[in-house]
Structure formats: structure tokens, C-alpha cells
Amino acid sequence: MGKGQGCVPSKFRQKLPLGGSPPVSPKKGEDVGAETGLAAEREIPIQAPAVDRSGIDIGLPPPSKKLKVYIIFYSMYGHVETLAKSIKAGVDSVEGVEGCLFRVQETLSLSVLQQMRAPPKDETVPVISPAQLTDADGLIFGFPTRYGAMAAQMKAFFDSTGQLWREQRLAGKPAGVFVSTGTQGGGQETTAWTALTQLVHHGMLYVPIGYTFGAGMFNLDKIKGGSPYGAGTFAGDGMRKPSGEELALAEHQGKYTAGIVKKLIGG
């Protein structure tokens with residue numbers, strides 16, 4: 001070692017021949033110079049190889065990326081939003097899948113909403129743009145009924161997806177629906193059924209829940225929304241809140257849809 005200068009060649013370091021092999025101790029009477037010549041005088045410094053650490057593969061697996069299911073809804077009085085949050089809970093319960101809540105743009109003015117006594121929107125739920133739909137691995141749309149069909153706000157959102165339709169950017173994406181109606185005959189099935197035209201023209205894969213929820217879908221002891229098309233609730237005059245049975249069905253839809261997304265996309 002040098003004197004306090006780190007790893008520098010020392011005058012006492014053994015000299016190596018050109019080939020890099022250490023010298024062999026000469027036997028008594030042998031002429032070292034005759035064997036090694038000038039090669040014995042060349043010093044091979046010992047240096048650590050330069051390493052580019054930026055490209056080192058240390059064997060760690062890449063960070064896992066969760067599949068995304070976008071839950072997109074319009075809710076005027078909060079009934080559909082309540083269902084949406086239960087659907088998210090169901091999606092999040094499936095390993096490797098995450099539910100993301102979005103609302104569509106309101107088309108009514110603030111003054112009209114106030115006259116209709118609609119509560120303020122939850123500002124923590126962002127408004128989605130059509131372009132963001134392509135980022136999702138699965139989609140679930142929720143909306144209240146208007147005469148047996150989706151509310152105008154949700155229809156306006158679908159009407160703004162023309163460019164995605166032209167390029168078929170949503171083709172093959174699993175998608176489902178859930179609804180809210182005022183009465184038992186107000187469109188629990190027709191509101192979902194008439195929405196399928198939007199999914200079909202985009203080439204999306206409709207995922208109904210069927211009767212996968214089991215016995216809970218056959219129980220007639222209590223009034224409850226929902227159908228094989230998807231979760232649902234009855235709003236009545238606006239004062240009725242989603243029941244425990246309706247929220248359980250919504251959570252089931254989220255879990256069931258997330259499982260389908262995982263099978264189709266996650267492998």
C-alpha cells in the first residue's frame with residue numbers, strides 16, 4: 001500500500017509476467033532473467049472492473065400492476081353513488097384488482113339543481129373524460145332511470161365518445177351496469193337493457209351478474225332492487241336509501257366483475 005493514498009501500486013508489489021501468471025520461484029542455480037526476459041519487468045496493476053450499476057439485474061421481480069376497474073356513474077340524489085361505493089368495495093376485495101370511482105359531467109345548472117333540492121356533489125370523486133376510458137381494464141356504469149332509460153347526463157357522456165367508437169378503442173373491454181329507479185315498475189330491467197346498445201356499438205363485452213348472488217336474489221320478503229342485469233335500488237320519492245340487501249348485491253357485482261376482468265386480462 002502507498003502511504004495514505006488508497007489503492008495505489010506499491011514498490012513492494014510483486015511484478016507479474018506479461019501473461020498475468022505469478023512468477024515461479026526459481027530453483028537454485030537457475031537464471032531468472034533468461035526465463036522471463038523483459039516480461040518480468042512489466043507491472044500489471046490490480047484494478048476493480050468498472051461496473052455500470054444502472055443496468056444490473058439483481059433478481060427482484062418487477063413491481064406488480066393492479067388491474068383497474070372504473071366505476072363510472074351519474075347520481076343526482078346520492079342513491080347511485082352509494083351503490084357505486086359498495087361496488088368499489090367488491091372490486092377491491094379481489095386480489096390484484098382495484099376499483100376507481102368517477103362521475104360524469106353534470107349537464108344541469110346549479111340553480112336548477114338547487115330547485116330540485118339535489119345535494120352537493122362529492123368533490124373527492126373526479127369527473128371523467130372519454131379519453132380516460134381506454135386506461136381501464138374493466139368498466140361498470142351506473143345511472144338513475146328516466147322513463148325506463150338512462151339519465152340524460154350519462155347519455156350525454158356516451159354521446160361524447162364518438163372518436164373512441166370510430167377507432168373501436170373500447171372493443172373487448174368487460175363492462176357492466178347498475179341502476180336506480182323510483183318504483184318497482186320504473187325500469188330495474190329496462191334501464192339496464194336499453195343501455196346495452198351503448199356497450200354493443202363500442203364492442204365491449206357485457207358482463208351481467210345473472211343469478212350468481214344465489215338465494216338472496218329469490219327472497220321476496222323485502223322490497224329490493226337489482227336484477228340479473230346488475231345491481232339496483234329503489235329511490236322512491238328520494239327519501240329511501242339503498243337497503244342492506246341492495247348494497248350487498250352491489251358489492252357482489254363488483255367482486256364478480258373484477259373476477260371476470262382478472263380471468264380475461266390477468267390470465
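In this predicted model, the side chains of Arg-103 and Glu-81 come together in a salt bridge, with 3.4 Å from N to O. The two partners sit in distant parts of the chain: Arg-103 belongs to strand β2 (residues 97–103) and Glu-81 to helix α2, 22 residues apart. Both Arg-103 and Glu-81 are buried. For Glu-81, the relative accessible area is just 11%, and since buried means under 20%, that residue falls in the buried class.

Glu-81 has another partner too. Lys-85 also makes a salt bridge with Glu-81, and here the closest N and O atoms are 3.8 Å apart. This one stays inside a single element: Lys-85 and Glu-81 both lie in helix α2 (residues 79–92), four residues apart, or about one turn of the helix. Lys-85 has a relative accessible area of 43%, so it counts as partly exposed. Zooming out a little, Glu-81, Lys-85, Arg-103 and Asp-122 are joined in a network of salt bridges. Across the whole structure, the search turns up 10 salt bridges.

One of these lies elsewhere, between Glu-245 and Lys-222, whose closest N and O atoms are 2.9 Å apart. Glu-245 is part of helix α7 (residues 244–266), while Lys-222 is in the loop between β6 (205–206) and β7 (232–234), so this pair ties together parts that are 23 residues apart in sequence. Glu-245 is partly exposed, at 32% relative accessible area, and Lys-222 is exposed, at 51%.

Next come the strands around β3. Strand β3 (residues 138–146) is mostly covered, with eight of its nine residues buried. It pairs with strand β1 (residues 67–73) in the parallel sense, over five bridges, and Ile-72 has Phe-141 in β3 as its bridge partner. β3 also runs parallel to strand β5 (residues 174–181), this time over six bridges; there, Pro-144 stands opposite Ser-180 in β5. With strand β4 (residues 149–150), the pairing is antiparallel and covers two bridges. Arg-146 finds its bridge partner in Ala-149 of β4. The hairpin of β3 and β4 has two residues between the strands, and in this hairpin Tyr-147 takes a positive phi near 60 degrees.

Phe-141 turns up again among the aromatic rings, where ring pairs link Phe-141, Phe-157 and Phe-158 into a cluster. The structure holds four aromatic pairs. Among them, Phe-157 and Phe-158 are arranged edge-to-face, 6.2 Å from centre to centre and with 70 degrees between the planes. Phe-157 and Phe-158 are both buried. Tyr-211 and Phe-218 make another pair: their ring centres are 5.2 Å apart and their planes meet at 25 degrees, so this pair counts as stacked. Tyr-211 has 48% relative accessibility, which makes it partly exposed, and Phe-218 reaches 55%, which puts it in the exposed class.

How confident is the prediction itself? The average pLDDT for the protein is 84, and 76% of the residues score at least 70. Over residues 1–21, however, the pLDDT is below 50, and this stretch has 26 contacts in the model beyond near neighbours in sequence. The pLDDT is also below 50 over residues 32–41, a stretch with seven contacts beyond near neighbours in sequence.

Terms used:
Residues numbered from 1 in each chain as written. Predicted model: local features only at pLDDT ≥ 70, side-chain atom pairs only at ≥ 80, totals over all residues. Heavy atoms only, no water. Phe/Tyr/Trp six-rings, centres within 6.5 Å; stacked < 30°, edge-to-face > 60°. Buried < 20%, exposed > 50% of the residue type's maximum accessible area, 1.4 Å probe, protein only. Salt bridge = Lys/Arg side-chain N within 4 Å of Asp/Glu carboxyl O. pLDDT = per-residue confidence, 0-100. Contact = heavy atoms within 4.5 Å. Pairing = 2+ DSSP bridges.
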